[in-house]
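Please open the model in a viewer and keep the sequence at hand. The tour below proceeds by selection, one element at a time.

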Amino acid sequence: MTRRSVSYYYDPDVGAYSYGLGHPMKPLRMRITHELLTAYDMLDKMDVLRAERATPEIMTSFHTDEYIHFLARVTPETAEELTYNGTRFLVGDDNPAFEGVFEFCSISAGGTIAAAKRITSGAADISINWAGGLHHAKKREASGFCYINDIVLGILELLRTYPRVLYIDIDCHHGDGVEEAFYTTNRVMTCSFHKFGEYFPGTGTQEDRGRGKGTGYAINVPLKDGLNDESFKSIYEPVIARAVEVFRPSVIVLQCGADSLAGDKLGCFNVTMQGHAHCVRFVRDMNIPFILLGGGGYTVKNASRTWAYETACALGIEAEIDLNLPWNEFFDWFGPRYRLEVAENNMEDMNLKDGSLDRVRETALQQLSELQAAPSVGLHDVPRESVGQHLGLTTDEDSTSRDELDDKLAQHARYVYQLQEIDAHEPDSDESEDFDAYRYDSADSTASRNRRNRQQRSRQKKRISIMSNEWYEVPQLNHFGYYNPANDENGRGSVLGKPRFFESRLRWDIDARRVVANSDIRLSVRNLMERGGPKADVMDVDEDGIEEEDT
């Protein structure tokens with residue numbers, strides 16, 4: 001077998017970040033992996049590169065501007081305020097606002113985007129970024145330890161050159177973020193092998209097949225506890241072989257989440273290092289350019305071992321390396337055996353016990369056989385740079401600069417959103433019905449209000465924690481795509497959280513020929529009684545503006 005050109009991306013700063021004491025996600029594992037690659041003298045056999053960090057502008061090719069702006073500003077001290085008490089952007093406890101979170105995301109995303117560019121330029125057959133593979137991040141919020149979806153950004157870069165991309169996910173958790181991003185397109189096929197059933201993220205059934213043009217191009221292989229090497233191989237090989245035969249991808253992106261290994265702190269499979277690496281070897285032997293990414297993996301030493309070995313598989317030297325670990329800076333971490341291995345345990349394979357493995361395999365193959373010929377894409381010129389850069393109107397320095405108009409717009413936006421935050425204040429839960437009747441048309445019947453409340457409760461969306469696998473309710477999204485900051489004691493979003501941009505409390509009193517400020521309509525009946533009724537603040541109008549008088 002001829003060795004293929006391999007590029008490896010690594011940033012020395014990536015291992016210095018921490019999600020916090022006791023958090024299962026440890027960026028240090030990328031540094032340990034790099035130390036193992038150095039100890040095995042693999043760095044001399046591939047191009048070792050340090051990627052340019054992803055800019056906010058690049059991140060917004062998938063994520064929303066508001067979310068990226070939030071990530072660039074958030075700190076542990078400001079997280080409570082910027083997330084509106086944990087109801088926006090960082091929902092739940094899985095994704096803390098740790099120090100340097102944006103820099104960490106820029107390293108991860110920058111490495112995957114650079115790896116994609118390396119493939120499209122033809123400079124490498126295989127590109128590796130073990131700091132990538134954060135497949136849970138959504139368009140407007142973090143999820144499952146993932147803040148920026150570097151995989152989606154990398155695939156978008158590949159689609160500028162290649163007509164079809166096959167994404168394979170062997171993480172123990174379903175690759176929901178990537179599937180969701182390409183759910184309606186036939187240019188990206190997503191194929192995920194994952195645990196399903198009261199397990200984060202709670203998605204990934206075989207009924208989820210895509211929508212619109214993307215119908216049939218989302219392949220899910222839900223599995224049960226105790227999956228071993230033999231079972232994994234028996235379903236991985238035929239499904240991937242059929243997917244490649246039908247879809248004919250130009251490039252493959254392989255997410256090698258190591259939480260599917262035996263003994264992982266958050267995983268539930270029984271796959272060894274050899275069984276995990278077999279997935280890499282199987283894709284490598286297809287002679288299709290591909291990108292290797294990291295992902296989950298919460299037993300740090302096992303994740304580092306496996307990624308080091310899979311780097312050897314990409315280089316085609318896995319049979320040449322000594323499984324007895326050479327000396328390295330983290331040698332003591334790998335005791336007592338000090339070997340490059342992840343052994344299986346005594347878990348029972350529940351996929352064989354009830355025969356579900358055969359049914360899942362047959363269903364996946366049947367779904368693939370129903371697809372028509374590989375979708376075609378019209379030829380087009382790939383833009384190498386933006387229009388502004390081509391005309392010399394913008395530079396890299398200009399992309400981060402702000403002019404006076406930008407500052408004014410930002411100041412106005414802060415003013416508007418601060419008003420929304422004030423207006424979104426909700427009265428006590430026992431007064432909500434009275435207030436609801438006051439705010440809406442008084443002709444609304446009690447039945448219509450109850451029906452509105454029932455519809456609102458039915459729209460409640462639940463989330464599941466990746467650490468505890470327990471479900472919890474989150475506030476409802478409003479029509480702007482944000483969570484309402486006001487919630488009652490049961491966690492249900494309130495209609496009071498809807499922004500009211502153009503409502504004014506000022507009115508013209510014809511008799512007094514003055515502008516008066518109405519009483520605060522947000523007050524409950526009890527608060528109005530405490531104030532002695534709805535009093536109005538009278539204001540005089542002169543040429544210079546409005547001046548408030550005593551009431």
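Begin by selecting strand E4 in this predicted model. From E4, the side chains of Val165, Tyr167 and Asp169 point one way, while those of Leu166 and Ile168 point the other way, and all of them are buried. Because 5 of the 5 residues of E4 are buried, this strand is largely enclosed by the rest of the structure.

Next, add strand E5, residues 188–195, to the selection. E4, which covers residues 165–169, pairs with E5 in the parallel sense over 5 bridges. Two positions help to locate this pairing. Valine 165 has valine 188 in E5 as its bridge partner, and aspartate 169 stands opposite serine 192 in E5.

Now include helix H7, residues 176–181. Together with E4 and E5, H7 makes a right-handed β-α-β unit.

Is E5 itself buried or exposed? It is largely enclosed by the rest of the structure, because 8 of its 8 residues are buried. Colour its side chains in two sets: Val188, Thr190, Ser192 and His194 point one way, and Met189, Cys191, Phe193 and Lys195 point the other way. Both sets are buried.

Move on to strand E6, residues 218–223, which runs parallel to E5 and is joined to it by 6 bridges. Serine 192, already met opposite aspartate 169 of E4, also stands opposite asparagine 220 in E6.

Return to E4 and select strand E7, residues 251–255. These two strands run parallel and are joined by 5 bridges. Within this pairing, isoleucine 168 has leucine 254 of E7 as its bridge partner.

Then display the whole sheet. In what order do its strands lie? The sheet is open and is formed by 8 strands, in the order E2-E1-E3-E8-E7-E4-E5-E6, with parallel pairing. Its edge strands are E2 (47–49) and E6, each of which pairs on one side only. On average, neighbouring strands of the sheet are turned by 15° against each other, direction ignored.

Within the same sheet order, select strand E3, residues 126–129, and strand E8, residues 290–293. They pair in the parallel sense over 4 bridges, and serine 127 stands opposite isoleucine 291 in E8.

The helices that pack on the sheet come next. H8 touches E4, E5, E6 and E7, and its direction makes about 170° with that of E5. Helix H12, residues 356–369, also packs on the sheet, touching E5 and E6. The direction of H12 makes about 175° with that of E6.

Finally, keep H8 (residues 229–247) and add helix H9 (residues 273–284). How do these two helices lie relative to each other? Their axes come within 10 Å and cross at roughly 20°. Since angles under 35 degrees count as roughly parallel, H8 and H9 are therefore roughly parallel to each other. The crossing in which H8 passes H9 is right-handed. To view the contact, show Asp229, Phe232, Lys233, Tyr236, Glu237, Ile240 and Ala241 of H8. On the H9 side, the contact is made by Gly275, His278, Cys279, Phe282 and Val283.

Terms used:
Residues are numbered from 1 along each chain as its sequence is written. This is a predicted model: local features need pLDDT of at least 70, side-chain atom pairs count only at pLDDT 80 or more; totals for chains, interfaces and linings use all residues. Side-chain values use heavy atoms; hydrogens and water are left out. Buried means under 20% relative accessible area, exposed over 50%, partly exposed in between (1.4 Å probe, protein chains only). Two strands pair if DSSP finds at least two bridges between them. A crossover is right-handed if, with the strands pointing away from the viewer, the path from the first strand over the helix to the second runs clockwise. Axes are lines fitted to C-alpha atoms, for helices over the stretch in contact, and angles run from 0 to 180 degrees between N-to-C directions. Angles under 35 degrees count as roughly parallel, over 145 as roughly antiparallel, 65 to 115 as roughly perpendicular and the rest as oblique. A crossing is left-handed if the near helix is turned anticlockwise from the far one by less than a right angle, and right-handed if clockwise. Contact means heavy atoms within 4.5 Å.
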